[in-house]
Structures are given as C-alpha cells and as structure tokens.
Amino acid sequence: ITVNYAVRELGASAHLHYPAVAAALGTRAEIPDAAGVANAVGAVVGLARRHAVARITCPDGGRFRVHAADGTRDHATYERARDDAVAAARRLALAALAADGASEGEVRIEADERFVEAGGERLLIESELRAEATGRPSYGHPA
C-alpha cells in the first residue's frame, strides 16, 4: 500500500516555510497561488471583538460603588449602580470597537453577581458586569 500525503497550507509566508516542512516530511507542498491573501479573506469576513468590565462594590451599608475604566461613581441603590455599570461596560466596549475602526454591532452583557444572606439581609459581596461588543472591521474605510 502506498500512501501519498501533501502539505497544504495558506498564509503570506506559506511559500517561505512549507516547502521545507514538506521536504522534511518526505512529501510535497501544495500551496495555492492565492495563498498569501487567504488570511486576509478570513479577516474580511470575521468580526472584531472588544471587551470592557465594570464592578460594583459596597464600601458601606448605604452606598454602592461602580468601578469602571471611565471613573468611580457612588449610588444609593444597587439597581441604580447596576444600571450604571451595565451602561459603562457597554459604552467602553463600543468605544474600544470604534477606536479600532470597527462598525458598531451587537453588545452582549454577562453579569456575575455575588451576594450573601446575613441576619436576614441580602448583602453585596461584589458584582462584575462584562460587555462584549462585536462589529465588522472597516479596513481603512469609515465605520
């Protein structure tokens, strides 16, 4: 039985590296003429992703503090602090996406809220709100 293998690769450096790899393996290299732009095609159809995080702590019984890259703010209720943290994480993730030249797309928010019950009360340990913004890369064109 004869088995015939070939190394098939893509990427701008495919012509530089894979003939030697194939020779070392005792086979041939099959590199398409357009191998150098194949990764660019993947980038064009891909998505840009950026993340941001905001945290909520409770430094004392009457305040809920939002910690985000754009500052620290106190709120009288957890609900207001949570709304602020979600908005901050969303805003920061979208700003990072725009700074990279990507178009505004979807934002997904995940929350990790940690509370403890003590003395009949629900007490905040810490909450973390994570935003993931995704959009299309503009590749030099206005988003």
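These numbered points describe a predicted model of one protein chain.

1. Overall make-up. The secondary structure of the protein chain comes to 3 helices and 7 strands. Following the sequence from its start, these elements come in the pattern β-α-β-α-β-β-β-α-β-β. The chain has 143 residues, and 25% of them count as buried. Contacts between residues at least 6 apart in sequence can be sorted by how far apart the partners are: 49% of them join residues at least 24 apart.

2. The sheet. An open sheet is formed by 5 strands, in the order β5-β4-β3-β7-β6, and the pairing is antiparallel. At the edges are β5, residues 71-75, and β6, residues 106-118, each of which pairs on one side only. From one strand to the next the twist averages 20 degrees.

3. The pairing of β3 with β7. Strand β3 covers residues 48-60 and strand β7 covers residues 121-135; 9 bridges hold the antiparallel pair. For a position to look up in the structure, take Arg50, which stands opposite Ala133 in β7.

4. The pairing of β4 with β5. These two strands run antiparallel and are joined by 5 bridges. They form a hairpin, with 2 residues between the strands. One position to look up here is Arg65, whose bridge partner in β5 is Asp74.

5. The helix on the sheet. Which helix packs on the sheet, touching β3, β4, β5, β6 and β7? The helix is α3, made of residues 78-99. The direction of α3 makes about 155 degrees with that of β3.

6. Leu94, a residue of that helix. Leu94 has its place in helix α3. Is Leu94 buried or exposed? Its relative accessible area is 17%, and the cut-off for buried is under 20%, so Leu94 counts as buried. Leaving aside residues up to four places away in sequence, Leu94 touches Glu104, Val107 and Ala133. Ala133 is also the residue in β7 that Arg50 stands opposite.

7. Thr134, a residue of the sheet. The place of Thr134 is in strand β7. Why does Thr134 count as buried? Thr134 counts as buried because its relative accessibility is 13%, and buried means under 20%. Not counting residues up to four places away in sequence, Thr134 touches several residues, among them Leu47, Ala48 and Arg49. Its contacts also include Leu97, Ser103, Glu104, Gly105 and Glu106. Glu104 is thus worth finding in the structure: it is touched by Thr134 and by Leu94.

8. Leu94 and Thr134 as a pair. How many residues apart in sequence are Leu94 and Thr134? They are 40 residues apart in sequence, and in space they are 8.2 Å apart, C-alpha to C-alpha.

9. The largest pocket. About 200 Å³ of space lies in the largest pocket. Its lining consists of Cys58, Gly61, Phe64, Tyr78, Glu79, Phe115, Glu121, Arg122, Leu123 and Leu124. Two elements, α3 and β7, give two or more residues to this lining. The largest share, 4 residues, comes from β7. Sorted by class, the lining has 6 nonpolar, 1 polar and 3 charged residues.

Methods
Residues are numbered from 1 along each chain as its sequence is written. This is a predicted model: local features need pLDDT of at least 70, side-chain atom pairs count only at pLDDT 80 or more; totals for chains, interfaces and linings use all residues. Side-chain values use heavy atoms; hydrogens and water are left out. Two strands pair if DSSP finds at least two bridges between them. Axes are lines fitted to C-alpha atoms, for helices over the stretch in contact, and angles run from 0 to 180 degrees between N-to-C directions. Contact means heavy atoms within 4.5 Å. On a 1 Å grid over the protein atoms alone, a cavity is a set of points where a 1.4 Å probe fits but cannot get out, and a pocket is an open set with protein on both sides within 12 Å along at least five of seven lines; lining residues have an atom within 4 Å of a point. Grid points are joined across faces, edges and corners, and a volume is the space filled by probe spheres set on the points. Ala, Val, Leu, Ile, Met, Phe, Trp, Tyr, Cys and Pro count as nonpolar, Asp, Glu, Lys and Arg as charged, and the others, Gly among them, as polar. Buried means under 20% relative accessible area, exposed over 50%, partly exposed in between (1.4 Å probe, protein chains only).
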